[in-house]
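Here are my notes on the model you sent over. I've kept them to numbered points so you can check each one in your viewer.

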Amino acid sequence: MHTTAATMLYLHLTTMAGIIATAAPGVSASGEYLHNIASFDGDVEISPSALVYDRSAGELLVIDASAGGVLAFTAAGMKVGAFGDEARLGWIQSLAVLNAEGDYAVLVSKPGEPLDLLRLNYRGELVGSIILTGVPAGSAKGPDASAVFVARDRLYLANTGTKKVRVFSKTGAYESTVDLSSSLKLTDEELRDHGIGSLSVDKDGNILFTVPTLYAAFIVSPAGEVKSFGQKGSRPGRFNVAGGIVRDDAGSIYVTDVLRAVVMVFGPDLKFRGELGGRGFAPGHLIGPRAIAVGDGVVFVAQGAKRGVSVFRIVNHLGV
Amino acid sequence: MNLVARRLIVMASAALTLGLSGSAWAFHSGGVAECEGCHTMHNSKDGNWMGPKYRMGTAIGSDQIEGVNTWLLQGSDASSTCLNCHQHEGDTGPSSYHVSTPDAEMPAGIPPKQRTPGGDFGWLKKDYTWVNRNSNFASEGERHGHNIVAADYGYMADTELTQAPGGQYPAANLSCISCHDPHPKYRYDVDFNLIERTLPIKAAGSYNGTTNAPTAWGAVGVYRILGGVGYVPKSLGPTGNSVAFNAKPPFAIAPSTYNQSEATNQVRVAYGSGMSEWCGNCHYNIHANVGTPAPGALIHPAGTNALLSTYGEADIYNAYVKSGNLTGSEATAYSSLVPFEEGLTASVANKATLNAHATNAAGLTGNSYLSVSPSANVMCLSCHRAHASGNDAMTRWNQENEFLTVADANGNVAWADASNSSQQGQAQGRTTAELAAAVNDRPVTTFAPYQRNLCNKCHAKD
């Protein structure tokens, strides 16, 4: 019964959709707005802090502590579950998918206590703590991170404040630390002034991050190679206030711009291909887009003003 | 069985069971910033409208200017435009120039993250309720600060105070640019004369760095680009002239890193003069030196004439450590929870003095310097934060109970525990993390067990 209702709602919503993307001449990337994430009560009106797409399950996981923790949606944007609102777990700040069985690594905090890194099953039930071991002297013993990612069978604990990403095995054995500061080539004072806007890790272990005040995005490969792109401005393809950044399995990169209220699409060659959204309250338009997730040809964009998460289908994302 | 199917089973089972919950960055640089930082210029590119209605050359909306905001702003309103940069997701703690914490990162029991001297606007969204002596109490979020209107970020106009207390500024129009002039015309020349647009602004004037000194060819901006005489946002329209400012911007200097936990080092903004008079631009009737009632009415004095030396408050300030402890000295007396103005007007010499006093470094924030500041005076910000705080009336400490702290079983000072029925009057619905955050993380040992409120820093009646 649930499935039938979800299908009917999905069909209803998709009939309202339209193609609303801007494409760069000759290298088109366009997007079709589908709908916003919804439950059986209608659109879910929240402003999430993070989005995670679970490729193995075809699920979108939405983190919004004020809305009760983690909300789970189908790839079509229909709510199918929630977890993480139990006080005993603490406040879930970040989540990454550990395996195809639906186990998660989650960063949790409780008032007055240090961060903890937990392993939960797909129901959000506590499986155990992930104990970090082998941490070198001078590095925090605990998680000390603002976000957790999983790639290449490893855990990545990212601290956007210190601009460091520590790499661990999935069981918590320390492997290495990536200092993103060195990729920026700035003085200590400049480093303090230029904070990281958003950060993600792609499936190959490349670290992608934006620095809004530099109007640029950076990619640091596992081998330490650094690439950057972005140019300031208010026209399509330019960075005004860069927000979230994520890469899909085909290599295309999606960057939200908070001020211009768009999602910019860049090809694997880092060339601008087109953009989605645009400021406005009409369906398919965006208000203050920041967090973003992508998977299976669909882009999920979290917005401010409790506008929820908009869902777009990417068309011709490689520009062919 | 795939995950979705499993979740549906979980949901169905549940339904059956339950029967169906700062840093000184240089964007503004003391003056008007890049136009495109806030505005969307002509809303066009290569002859095509950028507004969503005309995306791909196809009309898709019913509103021809859908996507274009008033005043060509890039946000839905002025404050939303500001918060596009000044609110940030994912901060692990106080960070750079951020002054607001997203809703999703401060659930019940978790305080806002930012610790700027002005306070985190997120406190406006923290509602508290508690029971004390069988009576119900509440501390509504909108009582915790200036209720800026920022639709994109969930900040709404004050529902109770529809005009500025003691004035007429309309609450429905209160925004960041009600106080901060994004296109400031006032600036300081090399002699620290306050001038208008007769020199370019070379740098921010809010900080004590070496690059923040004016020269013969370049002025520096006023403190926090606050509006000056005649300022009123154009968005108020012609009627706005009735609330135009008549006081000049205050003179003050902040350390270049000012947004940090004060668990170890305090942050001292060196206030010179003019802050209370400036607050009086909007709150003139609750300011003793301006408007009515006249000076001498039963209003706590604040401003240039409210000297800490008049009745010995400066000596008390230096001696006061905590409730029941008056053994302090000038060298360790300063408290960022009760700042004051040094009575110094804008000049080259006074800028140098304030440069030296504005600091966030260990061991340097303790000296009050009151013995060398005979003109030091109490100001509005001695008791209130400028943006918001964890307390009613945006005060720096909680005025709603006689005690700020309690004692544990051993007689050691402790924050009140909201789950302890005998301490709800002190906790007032806040968690210990929120109580600590409300004083910018100053250690609880800063205070005495059963510490009385901090009016006593100047009055020592405890």
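1. Starting with contacts in chain A: if you take those with a separation of 6 or more, 43% are between residues 24 or more positions apart. Keep in mind throughout that this is a predicted model.

2. On the overall make-up, chain A has three helices and 28 strands. It runs to 320 residues, and 60% of them count as buried. Its accessible surface is about 11800 Å², with carbon and sulfur atoms contributing 53% of that.

3. Now the sheets. One open sheet in chain A has four strands in the order E6-E7-E8-E9, paired antiparallel. At its edges you'll find strand E6 (50-54) and strand E9 (79-83) of chain A, each pairing on one side only. From one strand to the next, the twist averages 20°. If you want to check a register, look at strand E8 (residues 69-74) of chain A against E9(A): four bridges hold this antiparallel pair, and Leu71(A) has Ala82(A) in E9(A) as its bridge partner.

4. Another open sheet, again of four strands with antiparallel pairing, has the order E10-E11-E12-E13 in chain A. Why do strand E10 (91-97) and strand E13 (126-129) of chain A each have one side without a neighbour in the sheet? Both stand at the edges with a single partner strand, so the other side is left unpaired in the sheet. Here the twist averages 30° from one strand to the next. E10(A) and strand E11 (residues 104-109) of chain A run antiparallel and are joined by six bridges; for the register, Leu95(A) has Val106(A) in E11(A) as its bridge partner.

5. Aromatics next. Over all chains, the structure holds 21 aromatic pairs. One of them is Phe192(B) with Phe251(B): the ring centres are 5.9 Å apart and the planes sit at 65°, so this is an edge-to-face pair. Phe192(B) is in the loop between strand E5 (187-188) and strand E6 (194-195) of chain B, while Phe251(B) belongs to strand E9 (residues 251-253) of chain B, so the pair ties together parts 59 residues apart in sequence. Both Phe192(B) and Phe251(B) are buried.

6. Then have a look at Phe403(B) and Tyr450(B). Their ring centres are 5.0 Å apart and the planes are at 80°, so this pair is edge-to-face as well. It links distant parts of the chain, 47 residues apart: Phe403(B) lies in the loop between helix H7 (348-357) and strand E11 (406-407) of chain B, and Tyr450(B) in the loop between helix H9 (432-437) and helix H10 (456-459) of chain B. Are the two residues buried or exposed? Phe403(B) has a relative accessible area of 16%, so it counts as buried, whereas Tyr450(B), at 37%, is partly exposed.

7. Back in chain A, there's an aromatic cluster to colour in: ring pairs link Phe229(A), Phe239(A), Phe266(A) and Phe272(A).

8. Lastly, charges over rings, in case you're picking a treatment for cation and ring geometry. Arg268(B) lies over the face of Tyr334(B), 4.1 Å from the ring centre. Lys457(B) does likewise over the face of Tyr317(B), at 4.4 Å from the ring centre.

Technical notes
Residues numbered from 1 in each chain as written. Chains lettered and ligands numbered in written order. Predicted model: local features only at pLDDT ≥ 70, side-chain atom pairs only at ≥ 80, totals over all residues. Heavy atoms only, no water. Helix = DSSP H or I, 4+ residues; strand = E, 2+ residues; numbered from the N terminus. Buried < 20%, exposed > 50% of the residue type's maximum accessible area, 1.4 Å probe, protein only. Contact = heavy atoms within 4.5 Å. Areas by Shrake-Rupley, 256 points an atom, 1.4 Å probe, with all protein chains shown as cover. Phe/Tyr/Trp six-rings, centres within 6.5 Å; stacked < 30°, edge-to-face > 60°. Lys NZ or Arg CZ within 6 Å of the ring centre and 35° of its normal. Pairing = 2+ DSSP bridges. Axes fitted to C-alpha atoms, helices over the stretch in contact; angles between N-to-C directions.
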